[in-house]
Amino acid sequence: MDNKITMELNADELILQALREDISSEDVTTNAVMRKAQKGEAQLICKQDGVLAGLFVFRRVFELLDEGTKVEFQFSDGDKVKKGDLIGTVSGDIRAILSGERTALNFLQRMSGIATYTNSIASLLEGSKVKLLDTRKTTPNMRIFEKYSVKAGGGYNHRYNLSDGILLKDNHIGAAGGVKEAIEMAKEYAPFVRKIEVECETVEMVKEALEAGADIIMLDNMGVEEMQEAIAAIDGKAEIECSGNVTKENIGHYISLGVDYISSGALTHSAPIMDISLKNLHAV
């Protein structure tokens, strides 16, 4: 199913949780200065260059507070915007605009920040076969929004959650008693349609994983020389993902090595927010 449709199907419950967190009984400030309904309008303004993500979520915050609220955008998710751009307008009961402003911006700023940071890394991979992947290092209860934002920024999603794929990491291997044992157990338990990915920290682990029939091998925190040796050992017998210590400065090394995927937890756990403001609220 389309990533955006999946997000929209699951968004309302999470948005309502965020609104309840911000409004436990009433918005006392707004109710103090706005004693009755008054139609108004505000402008959504970009305050730095970036890539947008989360416009649907921004709009939905206000619709859940008051279905009469109208939000119109000049851009779409995935679009690049410049400082000073008018992204859109919000019109409706001023009370709903004031009460929803912070929650709506929290979602939009966070999601657009991830899209912007992802795009800055993904652009370095243009022209290569390498795909940039996210991880499960996401904010609790924000995963569906954050992974959507990675895609809006030009990246790709790794498994969504623990039910979505088999990835044997160091502690799984330790619990099973070794790489070979872990892969054998996974093959026995999982449906044949499931690919098995194994995290390897040494060339010896890579060779053992290959012999046991791993489909994808993750080279975790390896140096360039060690990765070269590991990739030579794999020799096309499995897909290759590399992870750990990937930066803008060294990402070129991974492209030249010929890996299939680069995964980075930083896409979601370290992306700064994008500065966006709701301004110029006035009665109409």
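What follows is a chat about a predicted model of one protein chain.

Reader: What is the secondary structure of the chain?

Author: The chain has 11 helices and 12 strands. Keep in mind that this is a predicted model.

Reader: And what does the C-alpha trace span along its principal axes?

Author: About 70 × 35 × 30 Å.

Reader: How much of the chain is buried?

Author: Of the 284 residues, 46% are buried. As for contacts between residues at least 6 apart in sequence, 70% of them join residues at least 24 apart.

Reader: Let's do sheets. What is the order of the one with 4 strands?

Author: The order is 3-5-1-12 in an open sheet, and the pairing is antiparallel. Strand 3 (70–73) and strand 12 (276–283) are at the edges with a single partner strand each, so one side of each has no neighbour in the sheet. On average, neighbouring strands are turned by 20° against each other, direction ignored.

Reader: How many bridges are there between strand 1 and strand 5?

Author: Strand 1 (residues 39–46) and strand 5 (residues 86–93) pair over 7 bridges, in the antiparallel sense. Ile45 stands opposite Leu86, which belongs to strand 5.

Reader: Which strands does helix 3 touch on that sheet?

Author: Helix 3 packs on the sheet and touches strand 1, strand 3, strand 5 and strand 12. The direction of helix 3 makes about 160° with that of strand 3. Helix 4 packs on the sheet as well, touching strand 1, strand 5 and strand 12, and its direction makes about 165° with that of strand 12.

Reader: How do the axes of helix 3 and helix 4 cross?

Author: Helix 3 (residues 55–65) and helix 4 (residues 94–122) have axes that come within 8 Å and cross at roughly 160°.

Reader: Parallel or antiparallel, then?

Author: Angles over 145 degrees count as roughly antiparallel, and helix 3 and helix 4 are therefore roughly antiparallel to each other. Helix 3 passes helix 4 in a right-handed crossing.

Reader: Which residues of helix 3 meet helix 4?

Author: From helix 3 they are Leu55, Val57, Phe58, Val61, Phe62 and Leu65. The residues they meet in helix 4 include Ile97, Ala104, Leu108 and Met111. By class, this contact of helix 3 with helix 4 has 13 nonpolar, 3 polar and 1 charged residues.

Reader: Back to strand 1 for a second. Is Gly40 buried or exposed?

Author: Gly40, which lies in strand 1, has 0% relative accessibility and so counts as buried.

Reader: What is Gly40 in contact with, leaving aside neighbours within four places in sequence?

Author: Gly40 is in contact with Val90, Ser91, Gly92, Ile94, Ile97, His282, Ala283 and Val284.

Reader: And how far apart are Gly40 and Phe192?

Author: From C-alpha to C-alpha, Gly40 and Phe192 are 58 Å apart in space, and 152 residues separate them in sequence.

Reader: OK, the sheet of 6 strands. What is its order?

Author: This open sheet runs 6-11-10-9-8-7, with parallel pairing. Strand 6 (131–133) and strand 7 (166–168) are its edges, each with a single partner strand, so one side of each is left without a neighbour in the sheet. From one strand to the next, the twist averages 25°.

Reader: How many bridges join strand 8 to strand 9?

Author: Strand 8 (residues 196–200) and strand 9 (residues 216–220) run parallel and are joined by 4 bridges. Glu199 stands opposite Met218 in strand 9. Helix 8 (residues 203–212) packs on the sheet and touches strand 8 and strand 9, with its direction at about 165° to that of strand 8.

Reader: At what angle do helix 8 and helix 9 pack?

Author: Helix 8 and helix 9 (residues 224–234) pack at about 15°, and their axes are 9 Å apart. The two helices are therefore roughly parallel to each other, and helix 8 passes helix 9 in a right-handed crossing.

Reader: Which residues make the contact?

Author: Helix 8 supplies Val203, Val206, Lys207 and Leu210, while helix 9 supplies Glu226, Glu229, Ala230, Ala233 and Ile234. By class they divide into 6 nonpolar, no polar and 3 charged.

Reader: Last one. How many residues of helix 5 are buried?

Author: In helix 5 (residues 143–152), 9 of the 10 residues are buried, so the helix is largely enclosed by the rest of the structure. Among them are Arg143, Glu146 and Lys147, along with Ile144 and Phe145. Gly154 follows helix 5 and has a positive phi, near 105°.

Terms used:
Residues numbered from 1 in each chain as written. Predicted model: local features only at pLDDT ≥ 70, side-chain atom pairs only at ≥ 80, totals over all residues. Heavy atoms only, no water. Axes fitted to C-alpha atoms, helices over the stretch in contact; angles between N-to-C directions. Parallel < 35°, antiparallel > 145°, perpendicular 65-115°, else oblique. Left-handed = near helix turned anticlockwise from the far one by under 90°. Contact = heavy atoms within 4.5 Å. Nonpolar A, V, L, I, M, F, W, Y, C, P; charged D, E, K, R; others polar. Pairing = 2+ DSSP bridges. Buried < 20%, exposed > 50% of the residue type's maximum accessible area, 1.4 Å probe, protein only.
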